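Biologist: Please walk me through this model, beginning with how its elements are named.

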Amino acid sequence: MITRTRLAAGSCALLAALTAGLAFPAGAAAGEPTDADAPKVNLLLDVSGSMRARDIDGQSRMAAAKQAFNEVLDATPEEVELGIRTLGANYPGDNQKTGCKDTAQLYPVGPLDRTEAKTAVATLTPTGWTPIGPALLKAADDLDGGTGSKRIVLISDGEDTCAPLDPCEVAREIAAKGIGLTIDTLGLVPNTKMRQQLSCIAEATGGTYTSVEHTDELTDKVNDLVDRAADPVVTPVATEGADRCTGAPALESGLYTDREEFGQQRWYRVDVEPGQELRASVSVAADRAVAPSYGVLLRAVTVHGREIVRGEAAGDGRTDVISTGLRYPKAERDEDEAAETVCLQVTHSFSADAGVQTTPGLPLELTVDVVDGPSDSDDVASFGLGRGWWLLGVLILTGFLAGLVWGWLSRWRFAVWRTN
């Protein structure tokens, strides 16, 4: 996103510092990393008939996938629970209805027995259809339950052949469940249509798409994704905002996820004690085709509707995620003063052409952090300058004096010129 308005260098620095403070809140109570459950990975492999093609390093796509899987199984971290699901591996016929049900769990998600998993992979033979949508639904069910990270790695050499079940819509539905599942996709020898579909699937869940044309590339990328599953992650807590402050969910410090449809607004409530500071930021992602001009607005208002502070941002189609934030310090005046309920309103101006799916809504991620406020809250709330007012005053005074001196010198030089 390119901002069209020129800002002073000092303002840029202040905004950058504010953004950094909002992006990395301290002490979040909800959505913290947890190692209570083992991370889970489900490798979803396309075994359709097109995998017979011999165009990857002189061997078939199926042979390249098997070789990569064997190396990945050897390198899988002990703490990762791994499973393998296939699509198009069993039905060789021409009946689409039957072919679109052709997905099976080759190796169940759980503690890895490398020998058993390799033996199962060795039995695979390219066979039938490419039911990506149905296979994604089943793969998500395989990972159901638990609080650890969950990841599906889809490897395919073609687009889905089971319309009208759109894999992109399936991925959005999975993301809308708020179970913290990420889908990464890898395209073998991709074409434009396949690349678009696999990219859409990945973007819907915050995953990645990678084009692969060599065996070592496939091995390295799958290894990287499996290793990434073992890294500590912050899983957003699913919540559902209301259409007004009354009845909105009460949030504590943490990371939250929600869905917001076109033209909709979402409300949340946060309690702020005297002497505390509320920091909030929101990101809205376009996981489908939208108009190139859009914006997002985050407002903090009182329960009576008076606006306290706002944050807003605009985009021009160069990015599919837009973010903004705000901060509100509540002054500490009376020890007996009750906590203030602050209503957070999120509104976006994304729009789409007719025919674009409106449900589920666009993914929204909200960060809330309530921390101890500064010693002088009223000062910090003044345009976000805090104790920088004295520096601003010095700069203004310096500029004024410099102007006077420059003006006097200019008049003196002009007088000398006229005299000569």
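Modeller: A helix here is a DSSP run of H or I with at least four residues, and helices are numbered from the N terminus. Please keep in mind that this is a predicted model.

Biologist: Fine. What phi does Gly 178 take, just after H6?

Modeller: Gly 178 has a positive phi of about 70°, directly following H6.

Biologist: And the other end of H6, which residue caps it?

Modeller: Asp 166 caps the N-terminal end of H6, placing a side-chain oxygen 3.0 Å from the backbone nitrogen of Cys 168.

Biologist: Is H6 mostly covered or mostly open?

Modeller: H6, residues 167-176, is mostly covered, with seven of its ten residues buried. Among them are Pro 167, Val 170, Ala 171 and Ile 174.

Biologist: What do those buried residues pack against?

Modeller: They pack against two helices, H5 (132-142) and H7 (192-204), and two strands, E5 (181-188) and E8 (254-260).

Biologist: I see charged residues in H6 as well. Which side chain meets that of Arg 172 in a salt bridge?

Modeller: Glu 169 does, at 2.4 Å from N to O. The two are three residues apart in H6, so about one helical turn separates them. Arg 172 counts as buried because its relative accessibility is 5%, under the 20% limit. Glu 169, at 17%, also counts as buried.

Biologist: How many salt bridges are there in the whole structure?

Modeller: The search finds 20. One of them joins Asp 74 to Lys 118, whose closest N and O atoms are 2.6 Å apart. That pair links distant parts of the chain, as Asp 74 lies in helix H2 (residues 61-75) and Lys 118 in helix H4 (residues 114-122), 44 residues apart. Asp 74 is partly exposed at 49% relative accessible area, and Lys 118 is partly exposed at 27%.

Biologist: What about Asp 224, which partner does it have?

Modeller: Asp 224 forms a salt bridge with Lys 221, with 4.0 Å between the closest N and O atoms. Both belong to helix H8 (residues 215-229), three residues apart, so they are separated by about one helical turn. Asp 224 is partly exposed at 35%, whereas Lys 221, at 18%, counts as buried. Elsewhere, salt bridges that share partners join Glu 169, Arg 172, Arg 259, Asp 287 and Arg 288 into one network.

Biologist: Now the strands. What order do they have in the open sheet of five?

Modeller: The order is E7-E8-E15-E10-E13, with mixed pairing. E7 (237-238) and E13 (321-329) stand at the edges with a single partner strand each, so one side of each has no neighbour in the sheet. Within this sheet, E10 (residues 276-285) and E15 (residues 362-372) run antiparallel and are joined by nine bridges. Val 284 stands opposite Leu 364 there.

Biologist: And E11 with E12, do they run parallel or antiparallel?

Modeller: They run antiparallel, with eight bridges joining E11 (residues 294-301) to E12 (residues 307-315). Leu 297 faces Glu 312 in E12. Five residues lie between the strands of this hairpin, where Gly 305 takes a positive phi near 95°.

Biologist: One last topic: which residues form the nonpolar patch on the surface?

Modeller: Val 405, Trp 406, Trp 408, Leu 409, Trp 412 and Val 416 form it, with about 680 Å² of accessible area together. Trp 408 lies in helix H10 (residues 389-419) and is exposed, with 56% relative accessible area.

Definitions and conventions:
Residues numbered from 1 in each chain as written. Predicted model: local features only at pLDDT ≥ 70, side-chain atom pairs only at ≥ 80, totals over all residues. Heavy atoms only, no water. Patch = residues over 30% accessible without salt bridge, like charges linked within 9 Å, V, L, I, M, F, W, Y side chains within 5 Å. Areas by Shrake-Rupley, 256 points an atom, 1.4 Å probe, with all protein chains shown as cover. Buried < 20%, exposed > 50% of the residue type's maximum accessible area, 1.4 Å probe, protein only. Pairing = 2+ DSSP bridges. Contact = heavy atoms within 4.5 Å. Polar contact = N/O pair within 3.5 Å; in protein donor to acceptor, adjacent residues only side chain to side chain.
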